[in-house]
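This briefing covers selected features of the structure shown below. The topics are strand pairing, salt bridges and one surface patch.

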Amino acid sequence: MHSQILCSGTAAAVAARRLRSILGAVLGRDGWMWRTHEVKLLNTASGGTVTIGEITYKLKTPRNPELVPVKHISDSLSQTVAQHLRWIMQKDLLGQDVFLIGPPGPLRRSIAMQYLELTKREVEYVALSRDTTETDLKQRREIRSGTAFYIDQCAVRAATQGRVLVLEGLEKAERNVLPVLNNLLENREMQLEDGRFLMSSERYDKLLLEHTKEELDSWKIVRVSEDFRVIALGLPVPKYKGNPLDPPLRSRFQARDIYYLPFKDQLELLYTAGPNIAAERVSQLLSLATTLCSQESSNLGLPDFPVDNLLPALHVLNAFPMLSSQQLVQRLYPYNSILGKEGCTAVEGVLSRFELLDGRRQQTPSAILSVSKTRDVEGHADVTLRVTDKDVTFQVPAGIKELRQPNSSPTFISTPSHSQLIAEMMQSHMIKDICLIGAKGCGKSVIAKEFAEMLGYSIEPVMLYQDMTARDLLQQRYTLPNGDTAWRPSPLVTAAIEGKLLLLDGIHRVNLGTLAVLSRLLHDRELDLYDGTKLLRWDRYQTLKEQLQFSDQQMQERSVFPIHPSFRVLALAEPPVVGASTSSSSNNRGQQWLGPELLTMFLYHTVTPLAKAEEMGLIQGLTANVPKEAAEQLLHLSHTLRKTNDPTAQSLASSLSTRQLLRICRRLAQYPEENIAHAVNKACLARFLPSLARASLEKSLANCSIQDPPDHAENTRDFSCMVKDGVLTIGNVSAPIYKANEKMKVPDVLFYDNPQHMMVMEDMLKDFLLGEHLLLVGNQGVGKNKIVDRFLHLLNRPREYLQLHRDTTVQTLTLQPSVRDGIIMYEDSPLVKAVKMGHILVIDEADKAPTNVTCILKTLVESGEMILADGRRIISDPHEAKGRPNTVVMHPDFRMLVLANRPGFPFLGNDFFGALGDIFSCHAVDNPKPQAELAMLKQYGPNVPDSTLQKLVAAFGELRSMADQGTITYPYSTREVVNIVKHLQKFPDEGLANVVRNVFDFDSYNKDMREVLIEALHKHGIPIGAKPSSVKLAKE
């Protein structure tokens, strides 16, 4: 039995009265009253009343009607919701604060908003996150014309104006932040930073009898309205992730469990959503959802099924009744990605029990046939999909740019699996935001770009990083030229207002407590910002505008803005770690990011790795003249590595992603004589792999009959480097010399040529000419900086230099703030200068900065876009930058050369190569070979006897091979030998044994190490640390 919102005298009310009299006879009066609660709204001259069941609430006229929620009440209120509303009304009349607790999803918020809409109350909403501080709740300091003063925040505004404070996500707030509100909740009292004191209405009114209002104002006492209430929304914490409730805070709330709606109510909702679907199928889907949310399922470790998403999913089924239920479930609940083998078996058991395992029988949409603007509906497009032999046309939101027909892009090679994926994304796009899950370098960004271009969307890329705060996502503080503080909306907010496609790249990296701020935007398309701006869903904004009869101008003065109806979010993520723990106690790297909360926010699509034939087509389409045989060998290798169950081989496969294969093939197309084994070793950084992984790679290469050429062929080649007529030639590669404007920024360095470094430079020049950004990895002291400086000196390229360290943040990478005349000015960092001027940016010690900071270089390298901390944006395409304010156009000559130490012990850095290796072209730098090293040392020490130099080269050669085998940890490098030779050159009378101590005294306190060193040095005739006991006399 539905209860309706009835206004007396309407036809509905008459019908309900008749029903009541008929049913009353059947049920008896008590049975009727007990079963249902009717919600009635009566408007009289003295003000309206709302009645739920037998409880009545008197309405007041709101002072700020734009803060009252609109269009939250559904047409048919289910009984369960009516009971919840009745309970909230009881607590409201008692003057108590309530806490709605329940599983993740928009239901709790929706019930709170429905109640506030019914009772016409103004709302102050705040989404708590791990960065919420007391200033976000009480008062924040702002500067206006040189004076600092306080501005009331949500809790204080709600208390003084008699609004309802809705706190969402109490489990996200850090411990000891919310006790700020304890006294406000209990006694309605609070001391404010600006010296005012909030006092409860009863006490204030008593004081008013004895004192005048002026006196109380001069004592800075402010009355808390008797209408002020708090509604808190939270998750039960031991079951879900988050901080448990503080007992003093918990005791101040009255709790109500808001579980998913009962089966019957849900079923009725779903029936109305999908009239074209067989009723049995709907109930099977709902039974599945209910089963996966039950206690038994969570005991098995299965995350909750996102029940709230069934409704949008049924809209898809309604348009495509031929879609298989199993595929639909995969989008709502991608169990293959989240769960291990046992979990998947459990879910499939449930699926088969409800006869939903129909994925093999039914067909999937295979491709998009056409896209066209809808004539009568603004901001929509008609999309026609081919499903087996039937064509289905439906409407989806579209952007403002021109639509583009499928398969018409020159840079996107369509493969059957990708066109099927984009067709499936179109279906989901009809109703909800999408998340694409796929491994590194499998083409997520490319698919997203193609999807956006088809629908005429402008993309707004936002790169997420681990320590991102809610402020970075929504609004940031900055100062105006006169020194006033102000708020700048983030790209996310501008995208919402302008109706772009927001690309959240790396949703698996960001902290869940930060991401929770977006849940209301994703579920309800509403957002409250720090400066008091409210963004409303398009239809709610229009309704509110009509009700209040305001113009857009008046709404904006009250800082209410509409969210564009075309706005959509597309998230990109790497696959969750299967079987990783989801509990909050284990904050290890392999944390399962895809939990029950995130499941409710998106529909999920998985980007599967390409089949071999498809990948071959892709490679030949993008690199036209790649040698076919070489490409086939490469693919054979990468697919054998991907298919194995051996974890070492799979880690190698990730370094041979589609992106890397394309890079290798581009290079082979340009230099067909190049060796494949060399290219594969370079992509995997084979020189620095652990011995087990290296053996596995060599075995795989041999199995795929990819031979490594013998070394002597390379030694016979003459590596010369010459500059002639403005052309630089290194080995067999030549490049024109750059005409630099800023001569003083071109590095000039003492460099002695040796064949090995020449080979590395020839390799670098090949990649440099192909337009790649380079990454040089090596041990300390092997000459990475020297090689780079020499390389840039030869090319005559100016460089900008950045050195990273533990405390590098995203802000310091891009801008350096300084205060001038009381105003914060941002100086461009070397990175921004290099982008503007077209210089080469050398990033040194890249492995020392946290990988979550360096990962923002990805958007810069890949799409040539990046957002700076002062709101400007780097853009690579000059056409796009036209007419857009605050843009920095990337100079076509800009390049990055990144230097890092190899991953692993004894280097204490982060794994830069693991996180970002596949967007750079990688080069391993090693110590020179013995002959080359000897020749180089002769140039450093011309007067040092040859025998001495040979001893040194031989001894250090042996120590290095010991370091490679793992006998000793420290990799002795050329830098140390050069320092010894320089000393001997300057002070020739000092003994060799004495000088080598400059290097080896570091190890003098480590007994085992010392013995190994002494033995190795003695073997090569360097008498270090000789004791009488180690003198062995020759036998006669």
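The points below are grouped by topic and refer to a predicted model.

The model contains an open sheet of five strands with parallel pairing. It also holds 73 salt bridges, and a nonpolar surface patch is formed by Val819, Ile824 and Tyr826.

**Parallel sheet**

- The strand order in the open sheet is 19-22-26-18-27.
- Strand 19 (459-463) and strand 27 (603-606) are at the edges; each has a single partner strand, so one side of each lacks a neighbour in the sheet.
- From one strand to the next, the twist averages 20°.
- Strand 18 (residues 434-437) runs parallel to strand 27 and is joined to it by four bridges. Leu436 has His605 of strand 27 as its bridge partner.
- Helix 18 (residues 444-454) lies across strand 18, strand 19, strand 22 (501-505) and strand 26 (568-573). The angle between helix 18 and strand 26 is about 165°.

**Antiparallel hairpin**

- Strand 7 (residues 139-144) and strand 8 (residues 147-152) run antiparallel and are joined by six bridges.
- Ile143 has Ala148 in strand 8 as its bridge partner.
- Two residues separate strand 7 and strand 8 in this hairpin, and Ser145 in the turn has a positive phi of about 40°.

**Salt bridges**

- Lys172 and Glu171 form a salt bridge through their side chains, at 2.5 Å from N to O. Both residues, Lys172 and Glu171, are buried.
- Glu189 pairs with Arg203 in a salt bridge, with the closest N and O atoms 2.7 Å apart. Glu189 is in the loop between helix 6 (182-187) and strand 10 (190-191), while Arg203 is in helix 7 (residues 201-210), so the pair ties together parts 14 residues apart in sequence.
- Glu189 counts as buried at 15% relative accessibility, whereas Arg203 is partly exposed at 43% relative accessible area.
- Arg525 and Asp433 meet in a salt bridge of 2.7 Å, N to O. This pair links distant parts of the chain, 92 residues apart: Arg525 is in the loop between helix 22 (519-524) and strand 23 (527-528), and Asp433 is in the loop between helix 17 (416-429) and strand 18. Arg525 and Asp433 are buried.
- A network of salt bridges links Arg667, Glu674, Lys682, Asp763, Lys766 and Asp767.

**Nonpolar surface patch**

- Together, Val819, Ile824 and Tyr826 have about 260 Å² of accessible area in the patch.
- Val819 belongs to strand 33 (residues 815-820). Val819 has a relative accessible area of 61% and is therefore exposed.

How values were computed
Residues numbered from 1 in each chain as written. Predicted model: local features only at pLDDT ≥ 70, side-chain atom pairs only at ≥ 80, totals over all residues. Heavy atoms only, no water. Patch = residues over 30% accessible without salt bridge, like charges linked within 9 Å, V, L, I, M, F, W, Y side chains within 5 Å. Areas by Shrake-Rupley, 256 points an atom, 1.4 Å probe, with all protein chains shown as cover. Salt bridge = Lys/Arg side-chain N within 4 Å of Asp/Glu carboxyl O. Buried < 20%, exposed > 50% of the residue type's maximum accessible area, 1.4 Å probe, protein only. Pairing = 2+ DSSP bridges. Axes fitted to C-alpha atoms, helices over the stretch in contact; angles between N-to-C directions. Contact = heavy atoms within 4.5 Å.
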